[in-house]
Each structure stands twice: as structure tokens, then as C-alpha cells.
Amino acid sequence: MATKVYIVYYSTYGHVEKLAHEIKKGAESVEGVEAKLWQVPETLSEEILGKMGAPPKSDVPVITPNELPEADAFIFGFPTRFGMMASQFKAFLDATGGLWGAQTLAGKPAGIFYSTGSQGGGQETTPLTAITQLVHHGMIFVPIGYTAGAGMFEMEKVKGGSPYGAGTFAGDGSRQPSELELQIAFHQGKYIAPIAKKLKGSA
């Protein structure tokens with residue numbers, strides 16, 4: 001039976017979603033792994049989103065907490081809000097109390113990816129503060145470290161991401177994930193997938 005990796009994300013302007021698609025490709029490049037994209041429910045009204053200039057949501061299905069136990073591993077993605085995960089993703093996690101009470105997700109590996117508006121906008125604090133959510137569920141945080149290679153040390157170009165996970169800079173919204181950022185996102189999926197396989201096989 002295939003190892004199921006759920007890539008669960010929230011994306012306002014599409015930056016996180018682009019990373020999510022690359023992570024999915026990376027995970028699916030590993031034999032025996034089935035990756036699926038999910039987005040969490042939006043909490044803002046269409047009116048507010050319109051005033052923010054947010055594009056329409058994609059056709060990626062919206063997940064509910066009850067679907068989380070079906071996965072063997074997770075890679076969670078979200079934009080930052082003042083150095084922490086966006087409230088939409090936090091609201092989704094706040095709705096997982098039943099899973100927490102039964103420790104249904106305990107022992108499952110999970111990675112994190114993210115987007116920030118600026119270089120000082122939370123490329124490390126966003127994943128760092130998000131780890132608390134995994135800890136209370138008993139999940140196993142899987143960082144990428146510096147396994148993505150030389151690109152992790154790029155100093156001449158603006159580059160999102162960190163040893164915590166893949167990342168990008170959205171700026172004013174016009175900047176899109178760079179080729180290097182997408183490569184690191186692909187690597188994250190490819191890196192976490194075999195770890196999920198190993199853990200599932202040893203269960």
C-alpha cells in the first residue's frame with residue numbers, strides 16, 4: 001500500500017500554493033508514495049478578499065480535520081502574519097481538538113514550508129513557532145537541514161527558505177517564487193517522502 005503524504009496549506013495570493021505543487025512533485029518522485037494537495041478553509045469573506053486583491057481560490061480540495069488521520073505524513077504550508085502562521089491555518093489546527101484528545105496523529109512525520117513578505121518577515125520564526133502545534137499532537141517534525149545542497153548557501157540572490165523548510169518571499173505580492181526556491185521545495189517533498197515510508201514500514 002502506498003505511503004500517503006498530505007500537503008496541506010493556506011495561500012492568500014498563490015505563493016505558498018506554488019511551493020506546494022513543487023513539494024508534491026518531489027514527494028511523488030519517490031517510488032511507493034502518493035501525495036495529495038489540500039487547502040484549509042478560508043475564514044475571510046469574499047468582500048474582504050476582494051479588497052485585499054486576492055485572486056480566486058484554486059480547485060484544490062478543502063480539507064477537514066477528519067481527513068487528516070488518512071495520511072502517513074504531512075507537509076504544512078502557510079504565509080506568515082507578524083512572524084507566525086496565518087490565522088486561517090491556526091483556525092484549522094484549532095479545530096483538531098478531537099484528534100489531539102485521542103493523539104490520533106502522534107508519531108506521524110510533518111514538515112513545514114512558508115512565505116513571508118520580506119527578508120526580516122519571519123523565515124525562521126514562522127516555522128519555529130509552528131512547531132508547537134506538531135508537538136502537542138505528538139507529531140515528528142522533519143526539517144530539511146542543509147540537505148538541499150549548495151542552493152541553501154546562496155548569497156548573491158534573494159532566497160527564501162531555511163533549515164526548517166522551503167520558503168519564498170512574496171514582497172508586495174508581485175514577486176513569485178524563484179527557480180531556486182522551487183528547487184528547494186521539490187527537494188523538501190523528495191526528502192520527507194522516504195522518511196515517511198521508513199516510519200510507516202516500521203510501525
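How do the residues of the lining of the largest cavity divide into nonpolar, polar and charged? The points below take up this question and one helix pair in the predicted model.

1. Cavity search. Searching the whole structure turns up one cavity of 30 Å³ or more. The space in the largest cavity comes to about 50 Å³.

2. Source of the lining. Three elements each give two or more residues to the lining of the largest cavity: β3 (73-81), α3 (87-94) and α5 (125-137). The most comes from α5, which gives three residues.

3. Residues of the lining. The largest cavity is lined by F76, F78, M85, F89, L93, I112, A130, Q133, L134 and M139. In answer to the opening question, nine of the lining residues are nonpolar, one is polar and none is charged.

4. Helix pair. Helix α1 (residues 15-28) packs with helix α6 (residues 179-202) at an angle of about 45°, and their axes are 6 Å apart. Angles from 35 to 65 degrees fall outside the parallel and perpendicular classes, and α1 and α6 are therefore oblique to each other. The crossing in which α1 passes α6 is right-handed.

5. Contact residues. On the α1 side, the contact is made by K18, L19, E22, I23, K25, G26 and A27. On the α6 side, E181, L182, A185, F186, Q188, G189, K190 and A193 take part.

6. Make-up of the contact. Sorted by class, the contact of α1 with α6 holds seven nonpolar, three polar and five charged residues. Charged residues are thus present in this helix contact, whereas the lining of the largest cavity has no charged residues.

Key. Residues are numbered from 1 along each chain as its sequence is written. This is a predicted model: local features need pLDDT of at least 70, side-chain atom pairs count only at pLDDT 80 or more; totals for chains, interfaces and linings use all residues. Side-chain values use heavy atoms; hydrogens and water are left out. On a 1 Å grid over the protein atoms alone, a cavity is a set of points where a 1.4 Å probe fits but cannot get out, and a pocket is an open set with protein on both sides within 12 Å along at least five of seven lines; lining residues have an atom within 4 Å of a point. Grid points are joined across faces, edges and corners, and a volume is the space filled by probe spheres set on the points. Helices (H or I, at least four residues) and strands (E, at least two) are DSSP runs, numbered from the N terminus. Ala, Val, Leu, Ile, Met, Phe, Trp, Tyr, Cys and Pro count as nonpolar, Asp, Glu, Lys and Arg as charged, and the others, Gly among them, as polar. Axes are lines fitted to C-alpha atoms, for helices over the stretch in contact, and angles run from 0 to 180 degrees between N-to-C directions. Angles under 35 degrees count as roughly parallel, over 145 as roughly antiparallel, 65 to 115 as roughly perpendicular and the rest as oblique. A crossing is left-handed if the near helix is turned anticlockwise from the far one by less than a right angle, and right-handed if clockwise. Contact means heavy atoms within 4.5 Å.
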